[in-house]
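Student: I am new to this one and would like to learn my way around it. Could we go through it together, a question at a time?

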Amino acid sequence: MTARATTRPVGTVTRGTTNPNRLRRMDRWIAAVHGAELRRAEDPVAIDLGYGAAPWTAVELLGRLRTAAPRTRVVGIEIEPDRVAAARPYEREGLAFRHGGFEIPVPGRPLLIRAANVLRQYDEAQVAAVWERLCARLAPAAGVSRGGLLVEGTCDEIGRRHVWVALGPEGPRTVTFATRLGSLDQPSDLAERLPKALIHRNVPGEPVHAFLRDFDRAWAAAAPYASYGARQRWLRAIGDLRADWPVTDSPSRWRQGEVTVAWTALAPRP
């Protein structure tokens with residue numbers, strides 16, 4: 001890829017903190033649920049938007065996506081020129097780094113844009129416009145393809161707890177909660193990692209607050225299963241939770257310490 005931004009990048013410089021293996025939960029989920037789209041594409045391009053002060057997350061994304069779709073190419077995009085310069089020595093076949101922002105300065109329409117720990121540093125009022133801009137850059141739906149995927153979310157510093165929203169060209173689809181089960185006291189511990197669109201909505205009267213409340217109740221009711229391990233307790237809690245909430249994934253994902261819910265059930269009230 002040779003295209004470069006010709007105008008000032010859209011967005012603002014963020015702190016850029018990053019750690020190796022921090023986004024492993026998100027990457028595994030993307031490879032599992034979006035791998036078929038990447039495999040079908042003629043030129044599967046994935047964007048690591050705002051990879052930070054070091055290129056580890058882009059390098060790791062390439063490796064993880066290629067287990068599902070071997071022809072995938074990854075482009076890391078950063079708004080801070082010095083970070084791009086520092087990443088350039090890591091370029092290789094299938095991996096490139098570009099200076100840019102939310103305009104996504106690459107030719108064509110990528111099949112994936114991953115933006116982790118980026119919008120957390122923006123105002124909630126800015127999120128909808130950024131989502132709309134990024135979704136407009138995704139590959140469109142066509143035939144059997146649902147189009148590209150934007151995955152935007154937040155995790156802790158070592159990737160134990162993570163919450164992300166998945167969006168297609170049409171807008172938000174789902175919210176995924178992912179955790180290392182051995183570190184979890186109760187599901188609402190994940191509230192501190194809600195993405196910017198939801199974190200200020202974790203208050204009574206908002207759907208995400210009701211969801212986490214019900215998840216905690218299901219977790220408490222599943223306490224007898226704790227003797228079989230945290231995973232069995234998690235599986236039981238989600239099995240009960242889906243009686244009242246539109247859980248969209250299956251036990252094969254739950255066993256990974258994940259649960260995915262339809263966005264429409266958790267979307268903030270107007």
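Student: How many of the five residues of S3 are buried?

Tutor: Good place to begin, and keep in mind that this is a predicted model. Strand S3 covers residues 95–99. The strand is mostly covered, and the number of its residues that are buried is four.

Student: Is Leu95 buried or exposed?

Tutor: Leu95 is found in strand S3. Leaving aside neighbours within four places in sequence, Leu95 is in contact with Ala58, Val59, Leu62, Val74 and Tyr90. Its relative accessibility is 3%, and buried means under 20%. Leu95 therefore counts as buried.

Student: Which residue of S3 is the bridge partner of Val74?

Tutor: Let us look at how S3 meets its neighbour. S2 and S3 pair in the parallel sense over five bridges. Ile77 has Arg98 as its bridge partner in S3. For Val74, the partner in S3 is Leu95.

Student: Which helix does the chain pass through from S2 to S3, and what is the handedness of that crossover?

Tutor: The two strands pair in the parallel sense. Between them the chain runs through H3, residues 81–87, in a β-α-β crossover. So the helix is H3, and by the clockwise rule the crossover is right-handed.

Student: Which helix joins S1 and S2 in a β-α-β unit?

Tutor: Strand S1, residues 45–49, pairs with S2 in the parallel sense over five bridges. One of the links is between Ile47 and its bridge partner in S2, Val75. S2 itself spans residues 73–78, and five of its six residues are buried. The unit that S1 and S2 make is right-handed, and its helix, residues 56–68, is H2.

Student: Which strands stand at the edges of the sheet, and why is one side of each left without a neighbour?

Tutor: Eight strands form an open sheet with mixed pairing, in the order S3-S2-S1-S4-S5-S6-S7-S8. Each edge strand has a single partner strand, so one side of each is left without a neighbour in the sheet. The edge strands are S3 and S8.

Student: By how many degrees are neighbouring strands of this sheet turned against each other on average?

Tutor: Here direction is ignored, and the value is an average over neighbouring strands of the sheet. The turn is 20 degrees.

Student: In which sense do S6 and S7 run, parallel or antiparallel?

Tutor: Strands of a sheet pair through backbone hydrogen bonds, either parallel or antiparallel. S6 and S7 are joined by eight bridges. Arg161, for example, has Thr179 as its bridge partner in S7. The two strands run antiparallel.

Student: What is the relative accessible area of Trp164?

Tutor: Trp164 is found in strand S6, residues 161–168. Residues up to four places away in sequence aside, Trp164 touches ten others by name: Arg25, Met26, Trp29, Val151, Glu152, Gly153, Thr174, Val175, Thr176 and Ala178. Trp164 is buried, and its relative accessible area is 0%.

Student: Which element gives the most residues to the largest nonpolar core?

Tutor: In soluble globular proteins, nonpolar side chains tend to be buried together. The largest nonpolar core here has 53 residues, and Ile47, Leu49, Trp131, Phe177, Phe211 and Trp234 touch the most other members. With seven residues, the element that gives the most to this core is H6.

Student: How many residues are in the second, separate core?

Tutor: Among its members are Ala31, Leu61, Ala139 and Ala166. The number of residues in this core is 30.

Student: How far apart are the end C-alpha atoms of H7, and why does that agree with its twelve residues?

Tutor: H7 covers residues 230–241, and its buried residues include Arg233, Trp234 and Leu235. What covers them includes S7, H6, H8 and S8. At 1.5 Å a residue, the twelve residues should span 16 Å, which agrees with the distance in the model. The end C-alpha atoms are apart by 16 Å.

Student: Is Glu206 buried or exposed?

Tutor: Glu206 is found in the loop between H5 and H6. Beyond its neighbours within four places in sequence, Glu206 is in contact with Arg201, Pro268 and Arg269. Its relative accessible area is 12%, and the cut-off is under 20%, so Glu206 is buried.

Technical notes:
Residues numbered from 1 in each chain as written. Predicted model: local features only at pLDDT ≥ 70, side-chain atom pairs only at ≥ 80, totals over all residues. Heavy atoms only, no water. Buried < 20%, exposed > 50% of the residue type's maximum accessible area, 1.4 Å probe, protein only. Pairing = 2+ DSSP bridges. Expected span 1.5 Å × (residues − 1). Contact = heavy atoms within 4.5 Å. Core = buried A, V, L, I, M, F, W, Y, C linked by side-chain atoms within 4.5 Å. Axes fitted to C-alpha atoms, helices over the stretch in contact; angles between N-to-C directions.
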